[in-house]
Amino acid sequence: MAVIVETGTGSSTSEAYVSVSTVTDYCVKHYAGTTINDAWTAASTAVQEACVRQGAKYLDNTFRRRFKGVRTARDQALQWPRAFVVVDDSRDTVWRTQALNTLVTDNGFLLDSDSIPPRVQNANSELAIRQVVLGSTRLQPDLERGGMVKRQRDKVGSLESETEYFGSAPGRTVYQEVADMLSEFLKPTNTGIRG
């Protein structure tokens, strides 16, 4: 069943920010000639669609409280589109420029509230591709004790493995490239950007 893509209307039935074909184009552009591109193209359409949906789900669940602005409709299915999102904002003073017919601050722009920023679409694409590469491993796995492992030692025959995390380590995998793509749409934090 084809993915229902959010186009900027605030639909209550949208499932993702991109279509499978958009992710395929993104994958070819960024991963041509790699095993990542091979994995995406080898996946069935049904698997690709499921992964696009999982990518959007991860995106919204991970960043929803940190996105700037507000959703445009109470019953919209996804976190975007959003209203009152200013990117590159360093001042509170807003003025209208007639040349651009856009609200701007001295160092920022108010995004249209009826569109999905390309970086949000790229983040959804990246997560869909990662989900295919991960296979049965989920982007949002269940983490025993929050995944905050202090020390782990495995020994099978002559093979040994040891894991130790600091107390400040995040409890899950951080997809830094995705967090960086979304950084201008996120509220500032004191601890940096984590997925």
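This briefing walks through a predicted model of one protein, from its overall make-up to a few residues worth a look. The protein has 195 residues, of which 36% are buried. Its secondary structure comes to 5 helices and 8 strands, and the mean pLDDT is 81.

**Overall make-up**

- Following the chain from its start, you will meet the elements in the order α-α-α-β-β-β-β-β-β-α-β-β-α.
- Among contacts with a separation of 6 or more, 59% join residues that are 24 or more positions apart.
- The accessible surface of the protein is about 11,700 Å², and carbon and sulfur atoms account for 50% of that area.
- The disulfide count for this model is 0.

**Where to trust the model**

- A pLDDT of at least 70 is reached by 72% of the residues.
- Helix 1 (residues 20-31) has the highest mean pLDDT of the elements, at 97, while strand 4 (residues 95-97) has the lowest, at 45.
- Over residues 89-100 the pLDDT stays under 50, yet the model has 23 contacts beyond four places in sequence for this stretch.
- Residues 191-195 also stay under a pLDDT of 50, and here the model has 16 contacts beyond four places in sequence.
- Where pLDDT is low, predicted coordinates should not be read in detail.

**The nonpolar core and W40**

- The largest nonpolar core has 37 residues, and the members that touch the most others are W40, V52, L59 and L182.
- Helix 1, helix 3, helix 4 (118-134) and helix 5 (176-182) are the elements that each give two or more residues to this core.
- As a general background, nonpolar side chains in soluble globular proteins tend to be buried together.
- Beyond four places in sequence, W40 touches V20, V23, T24, C27, Q48, C51, V52, A128, I129 and V132.
- Two cysteines appear among those partners of W40, namely C27 and C51.
- C27 counts as buried because its relative accessibility is 0%, and C51 is buried too, with a relative accessible area of 8%.

**V18, ahead of helix 1**

- V18 sits in the segment before helix 1.
- This valine counts as buried because its relative accessibility is 2%.
- V18 and N124 are separated by 106 residues in sequence, but their C-alpha atoms are 6.8 Å apart in space.
- Besides N124, the contacts of V18 beyond four places in sequence include V3, V5, V23, V52, Q121 and S125.
- V52 is thus a shared name here: V18 is in contact with V52, and W40 touches V52 as well.

**K68, a buried lysine**

- K68 is in the loop between helix 3 (45-63) and strand 1 (70-71).
- With a relative accessibility of 18%, K68 falls under the 20% cut-off and therefore counts as buried.
- The K68 side chain reaches the backbone oxygen of V86 at 3.0 Å.
- Setting aside neighbours within four places in sequence, K68 is in contact with R82, V85, V86 and V87, and also with E184, F185, L186 and K187.

**R71 and its backbone partners**

- R71 belongs to strand 1 and is partly exposed, with a relative accessible area of 29%.
- A polar atom of the R71 side chain lies 2.8 Å from the backbone oxygen of R74.
- The side chain of R71 also reaches the backbone oxygen of Q76, again at 2.8 Å.
- Contacts of R71 beyond four places in sequence are with Q76, L78, Q79, P81 and R82.
- R71 and G10 are 61 residues apart in sequence, with a C-alpha to C-alpha distance of 7.9 Å.

**Backbone features to check**

- Most residues other than glycine have a negative phi, and most peptide bonds are trans.
- The peptide bond from W80 to P81 is cis, with omega near 10°.
- P81 is placed in the loop between strand 1 and strand 2 (82-83), and P81 is also one of the contacts of R71.
- F84 is not a glycine, yet its phi is positive, near 65°.
- You will find F84 in the loop between strand 2 and strand 3 (86-87), where F84 counts as exposed because its relative accessibility is 64%.

Note on methods: Residues numbered from 1 in each chain as written. Predicted model: local features only at pLDDT ≥ 70, side-chain atom pairs only at ≥ 80, totals over all residues. Heavy atoms only, no water. Helix = DSSP H or I, 4+ residues; strand = E, 2+ residues; numbered from the N terminus. Buried < 20%, exposed > 50% of the residue type's maximum accessible area, 1.4 Å probe, protein only. Polar contact = N/O pair within 3.5 Å; in protein donor to acceptor, adjacent residues only side chain to side chain. Contact = heavy atoms within 4.5 Å. pLDDT = per-residue confidence, 0-100. Core = buried A, V, L, I, M, F, W, Y, C linked by side-chain atoms within 4.5 Å. Areas by Shrake-Rupley, 256 points an atom, 1.4 Å probe, with all protein chains shown as cover. Disulfide = S-S within 2.5 Å.
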